[in-house]
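Biologist: I should like a close look at a single part of this model. Please take one residue as the point of departure and describe its surroundings, then the helices that lie about it in your account.

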Amino acid sequence: MLLSFQALLVSTGTVALAEIGDKTQLLALLLAARYRKPWPIAWGILAATLVNHAISAWLGAELTRWLSPDVLRWGVAASFLAVALWTLKPDKLDEEEEKLPAYGAFVATTVAFFLAEIGDKTQVATVLLGTRYDPLWQVIAGTTLGMLVANLPVVWLGHRFADRLPLKLARTVAALVFLGLAGWVACFGVG
């Protein structure tokens with residue numbers, strides 16, 4: 001039974017770990033401090049992530065059609081390795097770069113999260129997971145769930161939670177997960 005949900009489980013765990021200490025998690029903290037309305041922020045994170053990760057997973061699935069199996073295999077393995085190394089580097093949120101819209105908490109969160117996710121390691125991971133796993137809906141649901149698992153506690157618990165989180169350990173575990181995925185793809189291919 002669990003194997004039928006392998007894409008969902010791997011996607012959830014991978015993105016939840018990769019998101020810890022990420023700039024979007026810091027953005028969630030900023031939004032929570034500014035608006036102090038956890039529900040609209042949570043819904044904004046969900047909306048932005050669903051759209052962003054649906055596009056990303058679809059792109060990953062399309063790559064499997066455009067590229068030869070060997071090119072795809074080594075490209076995905078190298079990309080997972082690059083994301084593993086990228087995960088070890090802590091993100092910082094430049095408050096001047098991340099100007100929040102003056103609209104309500106939901107709109108501000110949706111816009112800010114969608115934009116912050118463009119080119120982010122969790123978006124890249126979603127593309128890569130889309131090349132590797134079927135069904136695609138499980139990848140999208142899993143990566144979205146992973147974002148929520150990592151960000152919603154920050155929204156509700158604020159800086160007290162973020163200050164106690166072992167970020168270095170979380171980044172190391174996430175890097176090891178991506179390294180394992182790179183090895184898996186290198187040995188067994190995509191699909």
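Modeller: The residue chosen is Gln123, which lies in helix α6, residues 121-132. The model is a predicted one. Gln123 has a relative accessibility of 16% and therefore counts as buried, the cut-off for that class being under 20%. Leaving aside neighbours within four places in sequence, Gln123 is in contact with Asn52, His53, Ser56, Glu117 and Ile118. With one of these, Ser56, the contact is polar: the two side chains are joined at 3.3 Å. The C-alpha atom of Gln123 is also separated by 9.4 Å from that of Ile55, a residue 68 places away along the chain.

Two of the contacts of Gln123 lead on to other parts of the model. The first to be followed here is His53, which Gln123 contacts and whose side chain makes a polar contact of 3.0 Å with the side chain of Thr143. Thr143 is placed in helix α7, and its relative accessible area is 0%, so it is buried. Apart from residues within four places in sequence, Thr143 is in contact with Ser11, Thr12, Val15, Thr49, His53, Thr126 and Leu129.

Helix α7 also holds Asn151. Asn151 likewise has a relative accessible area of 0% and is therefore buried. A polar contact of 3.2 Å joins its side chain to that of Glu19. Setting aside residues up to four places away in sequence, Asn151 touches Glu19, Thr24, Gln25, Ala28, Ile45 and Phe113.

Phe113 brings the account to helix α5, being one of the buried residues of that helix. The others are Ala105, Ala108, Thr109, Thr110, Ala112, Ala116 and Glu117; Glu117 is also among the contacts of Gln123. The length of α5 can be checked against expectation: at 1.5 Å a residue, its 13 residues should span 18 Å, and because the end C-alpha atoms are 18 Å apart, the two values agree. Just after α5, Gly119 takes a positive phi of about 80 degrees.

The second contact to be followed is Ile118, which Gln123 contacts and which belongs to a nonpolar surface patch of about 920 Å². The patch is made by Ile118 together with Trp39, Trp43, Phe106, Val107, Val111, Leu115, Trp156 and Leu157. Three helices each supply at least two of its residues, namely α3 (38-66), α5 (105-117) and α7 (136-164). Of these, α5 gives the most, with 4 residues. Leu157, a member of the patch, lies in α7; its relative accessibility is 46%, so it counts as partly exposed.

Helix α3, which also contributes to the patch, holds the pair Arg65 and Glu62. A search of the whole structure finds 1 salt bridge, and Arg65 forms a salt bridge with Glu62, the closest N and O atoms being 2.3 Å apart. Being 3 residues apart in α3, the two partners are separated by about one helical turn. Arg65, at 63% relative accessibility, counts as exposed, whereas Glu62, at 13%, counts as buried.

Conventions: Residues are numbered from 1 along each chain as its sequence is written. This is a predicted model: local features need pLDDT of at least 70, side-chain atom pairs count only at pLDDT 80 or more; totals for chains, interfaces and linings use all residues. Side-chain values use heavy atoms; hydrogens and water are left out. Patches are made of residues with over 30% relative accessible area and no salt bridge: like charges are joined within 9 Å, nonpolar side chains (Val, Leu, Ile, Met, Phe, Trp, Tyr) within 5 Å. Accessible areas come from the Shrake-Rupley method with a 1.4 Å probe; for residues, only the protein chains shown count as cover. A salt bridge is a side-chain nitrogen of Lys or Arg within 4 Å of a carboxyl oxygen of Asp or Glu. Buried means under 20% relative accessible area, exposed over 50%, partly exposed in between (1.4 Å probe, protein chains only). Contact means heavy atoms within 4.5 Å. A polar contact is a pair of N or O atoms within 3.5 Å; within protein, one must be able to donate a hydrogen and the other to accept it, and residues adjacent in sequence count only if both atoms are side-chain atoms. The expected span of a helix is 1.5 Å times one less than its number of residues.
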